[in-house]
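Me: Can you walk me through this structure? I'm new to this, so plain words please.

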Amino acid sequence: MVMEAPLSRPGSSKAAARAAAKAAPSSTTPALTEIPWTRVDLDLYEVAREGYIVGYVEVVGAVFVALGGPRYDRAVEVSQHLTFHAAVDALVCRVF
């Protein structure tokens, strides 16, 4: 069984603003966020924070491996997770 993360590209702030306006038309709008990952290959995702690449998530069977570093060929394994979003959070919240 091969697990795969959802297809997507980095979100724009305009699209996030439109989605937030549709979801909650109140006077206080929630904080806008961009999707921090981009699909690079069938089982490889690039994770960025503030415009800089912080690592990669590689899908290995039923496990998502978080690799830290700006270059894939030199990235080091940080952790392994059972969910894609936990692996992304491990890289985005990582302190350098």
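**A chat about the fold**

Reply: Sure, let's start with one residue: Trp 37 sits in strand 1. Keep in mind that the whole thing is a predicted model.

Me: Okay, is Trp 37 buried or exposed?

Reply: Trp 37 is buried, because its relative accessible area is 6%, and the cut-off for buried is under 20%.

Me: And how far is Trp 37 from Val 88, in sequence and in space?

Reply: Along the sequence, Trp 37 and Val 88 are 51 residues apart. In space, their C-alpha atoms are 7.6 Å apart.

Me: Which residues make up the largest nonpolar core?

Reply: There are 12 residues in the largest nonpolar core. Among them are Trp 37, Tyr 45, Phe 64, Phe 84, Val 88 and Leu 91. Strand 2 (44-49), strand 3 (52-60), strand 4 (63-68) and helix 2 (84-92) each put in at least two residues.

Me: Which element gives the most to this core?

Reply: That's helix 2, with four residues.

Me: You listed Leu 91 there. Where does Leu 91 lie, and is it buried or exposed?

Reply: Leu 91 belongs to helix 2. Leu 91 counts as buried because its relative accessible area is 0%.

Me: What does Leu 91 touch, leaving out residues up to four places away in sequence?

Reply: Its contacts include Val 47, Val 54, Val 57, Ala 66 and Val 78. Gly 55 and Gly 68 are also among the residues that Leu 91 touches. And if you look at Ala 48, 43 residues away along the chain, its C-alpha atom is separated from that of Leu 91 by 8.5 Å.

Me: Let's zoom out. How many helices and strands does the protein chain have?

Reply: The protein chain has two helices and five strands. Starting at the N terminus, the elements go α-β-β-β-β-β-α.

Me: What order do the five strands take in the sheet?

Reply: The order is 1-2-3-4-5, in an open sheet with antiparallel pairing. Strand 1 (37-41) and strand 5 (76-81) are the edge strands, each pairing on one side only. From one strand to the next, the twist averages 30°.

Me: Which strands does helix 2 touch?

Reply: Helix 2 packs on the sheet and touches strand 1, strand 2, strand 3, strand 4 and strand 5. The direction of helix 2 makes about 150° with that of strand 3.

Me: What holds strands together in a sheet, generally?

Reply: Strands of a sheet pair through backbone hydrogen bonds, and the pairing can be parallel or antiparallel.

Me: Back to this one, then. How many bridges join strand 2 to strand 3?

Reply: Six bridges, and the two strands run antiparallel. One pair to find on screen is Ala 48 with its bridge partner Ile 53, in strand 3.

Me: And how many bridges for strand 3 and strand 4?

Reply: Strand 3 and strand 4 pair over six bridges, in the antiparallel sense. Here you can look for Tyr 56, which stands opposite Leu 67 in strand 4.

Me: What about the turns? How many residues are between strand 2 and strand 3?

Reply: Two residues, and the strands form a hairpin. Glu 50 is in that turn, with a positive phi near 55° even though Glu 50 is a residue other than glycine.

Me: Is Glu 50 buried or exposed?

Reply: Glu 50 is exposed, since its relative accessible area is 74%, and exposed means over 50%.

Me: Which residue has a positive phi in the hairpin of strand 3 and strand 4?

Reply: That's Gly 61, with phi near 65°. This hairpin also has two residues between the strands.

Me: New topic: how much of the protein chain is buried?

Reply: Of its 96 residues, 23% count as buried. The protein chain exposes about 6600 Å², and 59% of that comes from carbon and sulfur atoms.

Me: Last thing: where is confidence lowest and where is it highest?

Reply: Helix 1 (residues 13-23) is lowest, with a mean pLDDT of 50, while strand 4 is highest at 97. Residues 8-16 have pLDDT below 50, and in the model this stretch has 13 contacts beyond near neighbours in sequence. For the protein chain, the mean pLDDT is 78, and 64% of the residues reach 70 or more.

Terms used:
Residues are numbered from 1 along each chain as its sequence is written. This is a predicted model: local features need pLDDT of at least 70, side-chain atom pairs count only at pLDDT 80 or more; totals for chains, interfaces and linings use all residues. Side-chain values use heavy atoms; hydrogens and water are left out. A nonpolar core is a set of buried Ala, Val, Leu, Ile, Met, Phe, Trp, Tyr and Cys residues joined through side-chain atoms within 4.5 Å. Buried means under 20% relative accessible area, exposed over 50%, partly exposed in between (1.4 Å probe, protein chains only). Two strands pair if DSSP finds at least two bridges between them. Axes are lines fitted to C-alpha atoms, for helices over the stretch in contact, and angles run from 0 to 180 degrees between N-to-C directions. Contact means heavy atoms within 4.5 Å. Accessible areas come from the Shrake-Rupley method with a 1.4 Å probe; for residues, only the protein chains shown count as cover. pLDDT is the predictor's confidence in each residue, from 0 to 100.
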